[in-house]
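Here are a few short exercises to work through with the model open beside you. Try each task before reading its solution.

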Amino acid sequence: MNVTLELKESEPVDPGLAPPLVSWPFFQLEFEKCIKCMQCVRICDEVQHREVYTVGESGYPVLVSGTNDFRDTECNNCGQCVGACPTGALKDLSDTGVLPKNLRQKTTTICGYCGVGCAIELETEMGKVVAVNPSLASDANIGNLCVKGRFGMDFIHHPDRLTQPLMRRGGKDSPLEPASWDEAIAFTAKRLNEVKAKHGASALAGLTSARATNEDNFVFQKMTRCAFGTNNIDHCARLCHMASAVALKKAVGSSAPSASSPDVRMATAFIVCGTNTTVTHPVISSQVFKAKYESGAKVVVIDPRRIEMVDHADVWLRPKNGTNVAVLNGLAHIIWKAGLANDAFIEARTENWQAYIENLEKYTPEYVEEVSGVPKDRLREAALIYGKASRGMLLWGMGITQHLTGVDGALAMANLSLLSGHVGRPGTGFIPLRGQSNVQGCSDMQGQHNNLPGYHDIKNPEDREKFEKAWGVPMPEDEYLTLIEMEEGASEGNIKAMYIMGENPMGSSPDIKEVEHGLKKLEFLVVQDLFLSETAALADVVFPAASFAEKDGTFTNTERRVQLVRKAVEPPGEARADWEIICDVSTAMGYPMSYPGAAEIMEEIASLVPSYAGIRHERLGGSGLQWPCFDTEHPGTRFLYAENFPTASGKGLFHVVNQDDAGEDAADDRYPLNLNTGRLLEHYHTGTMSRRSRGLAHMRPEGEVEVNPEDARRYDLEDGCMGRIVTKRGSVDVKVFVTDKTPEGAIFYPFHFAEAPANRLTSATFDKASQTPAYKRTAARIGRIQKQ
Amino acid sequence: MQEDRVGEKRPRDAGTGLGDAGEPGVSLEPCRLEIDGKPVDARAGESILTAARRAGIDIPAMCADPRMKPTGDCELCNVVLDGQADLVKACMTLAEAGMTVRTENSELKALRKDRLNTYLADHNAYCQPPCTAACPAGIDIAGYIDLILQKDYAGSTALIKTMLPLPGVLGRVCPRPCEDPCRRIQIDGTPVAICALKRFAADQAAEAGLPTQPEPKPATGKRVAVVGAGPTGLSAAYYLALEGHKVTLFESERKAGGMLRFGIPPYRLPNSVLDQEIDDILSLGVELKTNQTMGRDYQLDTLKDRGFDAVYLSIGAMAAKPTGIPGDDAEGVMSAIKFLADVNWNETVDVGKRVIVIGGGFTAVDAVRTARRVGASEVTMMYRRTRKEMSAAAHEIHECDAEGIKLELLTAPVSVKVENGRVVGLTSRRMELGDLDDSGRRRPVPIPGSEYFTPADTILMAIGQDVDVASLNEGDLGLDERWGTIEVDESTMMTNLPGVFSGGDCVTGAATVVEGVGAGRLGAFAINAYLNGADDAGIAAAIFQHKPKFFDIGAKAASAAPMNDMPVLDGEGRLAAFENSRHGGDVDHDEAFKEVEVGFSEEVALREAGRCLMCLCQAAGVCTLQSLSIEYGAGTTAYLGKDAWK
């Protein structure tokens with residue numbers, strides 16, 4: 001064959017043959033497959049709003065850095081460009097499959113990470129998940145995904161997965177050894193029954209999991225109440241949004257977020273307060289961007305840290321840590337004084353207005369500036385944005401709740417919403433952003449404040465009777481203990497046995513030295529998990545559980561959307577779905593439970609929980625159903641409170657709340673800094689899953705403490721040096737990251753890292769009404785560790 | 001008050017999200033339009049494309065992504081709107097009540113093809129490697145070349161072995177159907193030396209003694225008899241053993257290998273290489289029984305009674321076709337196959353000085369070159385068509401020239417001249433090429449009066465082989481009467497006897513080694529499915545071979561770099577060794593039979609591997625560009641300036 005195309009080594013390289021742009025180990029752009037359609041450039045710019053790509057002179061996409069490495073840009077590896085590429089030019093480097101994509105099996109399910117509830121498509125081959133695609137099935141994410149959802153699923157097949165039950169046959173000091181299911185379950189039931197016989201049912205306690213399905217949680221609380229015979233059940237919502245739940249219950253009668261993703265996309269003004277949304281709920285943040293950049297919505301950010309959302313804000317308020325209430329009251333004051341209060345709404349739909357405004361009088365912009373450090377002009381600008389908006393939306397997170405005054409902060413948010421009438425209409429409302437895949441559902445199933453599933457009051461005789469009839473045993477009468485109280489109870493000797501499902505208090509609870517002390521004192525500890533977590537390592541029995549990809553069930557996301565989790569692969573080894581294990585333990589303890597499948601558990605839930613009455617697995621295709629869903633014809637409810645509030649009077653209640661700096665571990669001469677804890681984009685919870693993902697661990701192999709440059713100078717720290725954070729509770733040694741993201745006088749340290757756990761530093765002080773710990777403020781000092 | 005009492009009045013409209021579409025600018029006002037004659041209900045404010053997609057009507061589009069505002073840049077979603085002279089973009093045109101839309105016509109087809117070709121001109125890559133599709137064993141060629149580039153030779157060999165258990169053997173003797181469609185040809189006229197790279201990886205792994213085989217699965221307790229230990233039987237035994245089945249290989253000869261052992265001379269495939277790879281297969285627990293001839297030492301129908309749960313027949317096609325020319329029964333006339341076998345079994349063979357081999361295939365080439373090595377000085381290969389039609393590989397025909405072998409092309413034998421019962425020569429006739437025959441080659445037509453005589457001491461016939469069905473003593477086994485082969489259900493590879501499967505030359509007629517090895521692997525999968533209780537559909541699914549669709553898009557590369565030549569033994573040295581021929585007798589230690597092809601050095605192998613274009617795309621099968629290009633017949637080499645890609 002003749003050759004007409006002659007190329008020589010010395011000729012300039014054709015741009016279509018240039019080396020790829022690499023985001024190791026997530027994806028790369030291979031130019032030979034690129035057709036210059038610019039979908040990658042567009043989605044990064046128009047949806048993610050990051051400065052990563054630009055169009056090069058050659059007409060191909062290039063990086064703004066001019067280099068070939070995405071690390072040189074703002075890229076945070078969301079991989080949206082990979083999903084947008086119509087050819088294979090953007091290659092998923094995490095894809096471990098060998099078959100062509102169209103020959104692989106695909107299962108649409110819900111991401112197991114945060115509370116956004118993104119629909120994903122798992123590609124499987126030979127019983128392994130080999131790749132993740134975004135799915136257009138759900139309105140929750142409309143095809144968007146973040147780095148965890150797209151590239152963080154390799155924990156499913158991590159060699160550390162537990163594959164068989166483990167138990168200590170010879171008491172506390174003996175090693176954890178493999179056991180058969182029969183032996184481990186019989187042993188567990190026997191020991192739990194022994195503790196119950198010896199110390200009474202109230203000496204038992206259960207921690208359930210916001211990462212397990214509704215079905216798992218329902219069965220778990222049923223075991224706790226019927227087989228254990230105690231109301232001692234709680235879960236990690238206690239640590240995050242319990243303050244919001246308590247406040248919203250008081251203000252509007254329900255703890256649930258009122259609005260949905262479509263409402264976020266339609267809103268015209270946002271107050272984003274105490275949520276680092278681009279990091280903790282990246283897909284929600286892209287919907288805020290959509291509202292802002294496609295429809296002109298205005299964004300107010302309230303956060304002491306210079307979070308990424310600040311770059312997209314019209315106004316940024318940077319209050320001193322712990323002055324939320326003053327700032328929010330200040331906003332309300334300005335809106336009211338400017339005549340922007342929604343009088344018709346206040347008149348028709350609310351109560352206690354008069355008392356509220358009387359108290360509001362003193363929150364003048366000047367006073368608020370004095371208390372919080374927020375300039376009054378800025379405050380006014382922000383207030384007018386929300387007050388004048390046609391559709392206002394409030395988003396908040398742990399920055400509101402994890403304070404001694406967490407409930408007050410959330411009540412102040414609710415007040416703002418009622419004052420402006422920004423609730424009960426499309427595009428309005430409030431969403432306390434839920435952190436975990438099923439934290440909403442977990443609350444719905446097991447409740448809080450001593451509620452039965454569906455928030456039935458355990459003290460109400462009618463409600464008790466309903467469940468006693470359904471389950472055939474009397475409901476326990478003991479006072480419940482919260483998660484924090486259980487841990488204290490274990491230390492003090494009131495709690496003798498615990499059953500912990502998919503939860504890692506040894507990383508997530510405050511003051512883990514105390515937690516460890518308590519857990520070690522227990523006569524019997526059962527842990528059910530994917531991995532041998534720090535908590536599981538202390539257990540007497542460890543049950544291997546199936547991950548979300550290995551079982552059927554439902555998650556309820558942060559917009560009350562109940563969505564179907566579908567089994568894509570078999571669990572490793574002998575691991576089983578949580579609900580199956582629980583049914584066996586309960587049966588062995590003497591309260592028989594068995595279900596043919598998760599769908600049948602949902603039928604029982606529907607029969608007992610009116611807001612889930614219409615929910616059936618077979619109805620949950622596409623976007624799922626948002627509760628309340630009253631019957632099997634009901635289309636679900638996108639936003640709440642269209643006509644009334646589920647309070648006694650049917651009206652929303654204004655609450656008088658005041659800025660009250662309760663000191664919450666206030667800084668002093670010995671501990672001059674405020675330690676703030678939180679999350680990183682790449683990691684999740686205590687890192688048991690995300691740190692076992694190759695890509696995520698590569699990006700963030702270790703925790704770094706963020707220190708303001710001023711403080712860095714003051715304490716002789718430099719970027720990359722090792723520092724020691726010391727609080728009254730303990731100390732950890734970590735790498736220092738000098739950045740003006742964090743304000744002077746405050747340091748920020750994420751809590752994902754077991755080898756240097758943030759919660760060795762935090763204190764178990766908490767909001768009185770909700771017992772949400774005050775993680776956001778711990779007095780601390782930091783010093784440089786001298787090189788040996 | 002309880003939370004589930006939210007919205008106690010049961011709002012039917014507000015709150016359920018039915019009152020608005022949940023997207024700015026879209027209302028729920030219904031509007032009905034007609035797309036391709038089908039009534040479609042849209043929501044006011046949404047695009048024709050969105051409405052069509054919801055109704056299940058597929059309008060091609062490459063840039064429409066529901067996450068972004070439409071731009072219409074790709075221009076593929078252009079549709080015809082009745083009452084409008086110009087085409088409209090479906091992604092940007094809002095649906096309105098009463099619209100009539102057509103999404104396909106010849107103008108749109110042409111427009112879309114043109115657009116796709118514009119995209120393809122920038123798309124210098126390929127979906128699925130044509131080499132892998134052309135390989136009868138389906139080896140992941142780009143994959144193993146990539147591993148060679150990473151210098152992971154054991155990994156590379158292990159990857160080859162997932163499809164082919166004899167990489168060292170095939171790396172030497174494969175006719176390389178993979179190299180013909182190689183896209184590298186478009187750039188510098190020569191393919192990637194795929195086969196030579198396979199040999200390189202296998203030789204490196206063997207030399208380093210690194211493991212390249214997986215552990216077999218736990219024993220299933222099932223037993224399988226494989227009849228015939230040629231390439232097909234060995235391959236079947238390997239994959240059956242990996243599945244955990246107990247395999248017994250029955251071989252009628254003294255050693256396993258079949259045609260590999262006595263059909264291919266050691267200067268192409270040293271016995272040490274073959275022995276090593278057979279040993280590797282046997283190391284999986286495969287039992288080899290030699291000198292076992294079916295019909296003589298055991299019967300097909302008694303295998304089941306001996307505890308075998310399934311049988312695989314891979315007896316090959318070993319019987320030389322009769323020539324039917326007068327005098328072919330004389331002393332000094334023999335089949336090339338018999339000749340090659342005798343030499344390979346270390347028998348001393350005296351063919352005299354003048355040898356004529358009739359045929360143009362692999363066996364003919366092997367025979368002439370072997371004849372040179374056992375002392376014949378005047379060796380002629382006689383073929384009735386031209387060099388172009390010869391089925392032997394071009395590089396081997398080239399070696400014939402180097403070894404002083406005379407090619408008589410366009411010549412066919414007429415009769416053998418016999419004196420005293422012994423051959424003294426051959427009368428032949430010149431041919432010319434006529435019309436195309438069934439095989440697509442031009443038919444040779446005799447030229448009247450062109451007969452001529454060539455003296456010869458030995459005449460070797462290499463005109464093809466048949467299945468030796470007589471040796472089967474088959475009983476009830478179904479045969480294809482026309483071709484004299486074993487008949488199987490093509491979708492399951494099973495014969496008419498339950499549990500008896502067959503594949504390779506004995507089913508297809510004489511074919512290449514790589515086809516035989518591929519058939520052995522599929523046979524193993526069929527039997528494994530059968531042993532696991534699969535029905536016919538299940539067996540068919542286990543051996544189903546997905547053939548990707550290809551389209552032609554051309555290729556370019558960063559630099560031109562023609563194929564690296566395979567280094568061979570120096571021609572003069574070879575000829576000198578032939579002079580000292582010992583007429584066979586001990587081919588493993590005979591200088592004349594030394595392996596001619598030396599193999600790549602690491603440096604050359606890495607350079608050669610670097611030529612691979614890695615025509616392998618993760619998006620293959622889900623790529624919009626691929627599916628639309630196939631649908632609209634797009635594909636172009638126009639930018640290359642010539643029709644380079646045939």
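## Exercise 1: Confidence in chain A

Task: find the mean pLDDT of chain A, and see where pLDDT stays under 50.

Solution. This is a predicted model, so let us begin with confidence. Chain A has a mean pLDDT of 91, and 97% of its residues reach 70 or more. Next, look at the start of the chain: over residues 1-12 of chain A, pLDDT stays under 50. For that stretch the model has 18 contacts beyond four places in sequence.

## Exercise 2: A helix in chain A

Task: compare the span of helix α10 of chain A with its expected value, then decide whether its residues are mostly buried or exposed.

Solution. Helix α10(A) covers residues 324-337, which is 14 residues. From first C-alpha to last it reaches 20 Å, close to the expected 20 Å at 1.5 Å a residue. For burial, count residues with 20 or more other C-beta atoms within 10 Å of their own. In α10(A), 13 of the 14 residues are buried, so the helix is largely enclosed by the rest of the structure. After the helix comes G339(A), with a positive phi near 75°.

## Exercise 3: The layout of chain B

Task: describe chain B from its overall box down to its domains.

Solution. Start with the C-alpha atoms of chain B, which fill a box of roughly 110 × 60 × 50 Å along the principal axes. Chain B contains 21 helices and 23 strands, and 47% of its 646 residues count as buried. Now divide the chain: domain 1 is 30-122, domain 2 is 130-212 + 551-558 + 600-640, domain 3 is 223-305 + 486-542, and domain 4 is 319-466. Finally, the centres of domain 2 and domain 4 of chain B are 35 Å apart, taken over C-alpha atoms.

Notes: Residues are numbered from 1 along each chain as its sequence is written. Chains are lettered from A and ligands numbered from 1 in the order in which they are written. This is a predicted model: local features need pLDDT of at least 70, side-chain atom pairs count only at pLDDT 80 or more; totals for chains, interfaces and linings use all residues. Domain bounds come from an automatic or database domain assignment. Helices (H or I, at least four residues) and strands (E, at least two) are DSSP runs, numbered from the N terminus. A residue is buried if 20 or more other C-beta atoms lie within 10 Å of its own, exposed if 12 or fewer, and partly exposed in between; C-beta atoms are placed from the backbone. The expected span of a helix is 1.5 Å times one less than its number of residues. pLDDT is the predictor's confidence in each residue, from 0 to 100. Two residues are in contact if their C-beta atoms, placed from the backbone, lie within 7 Å.
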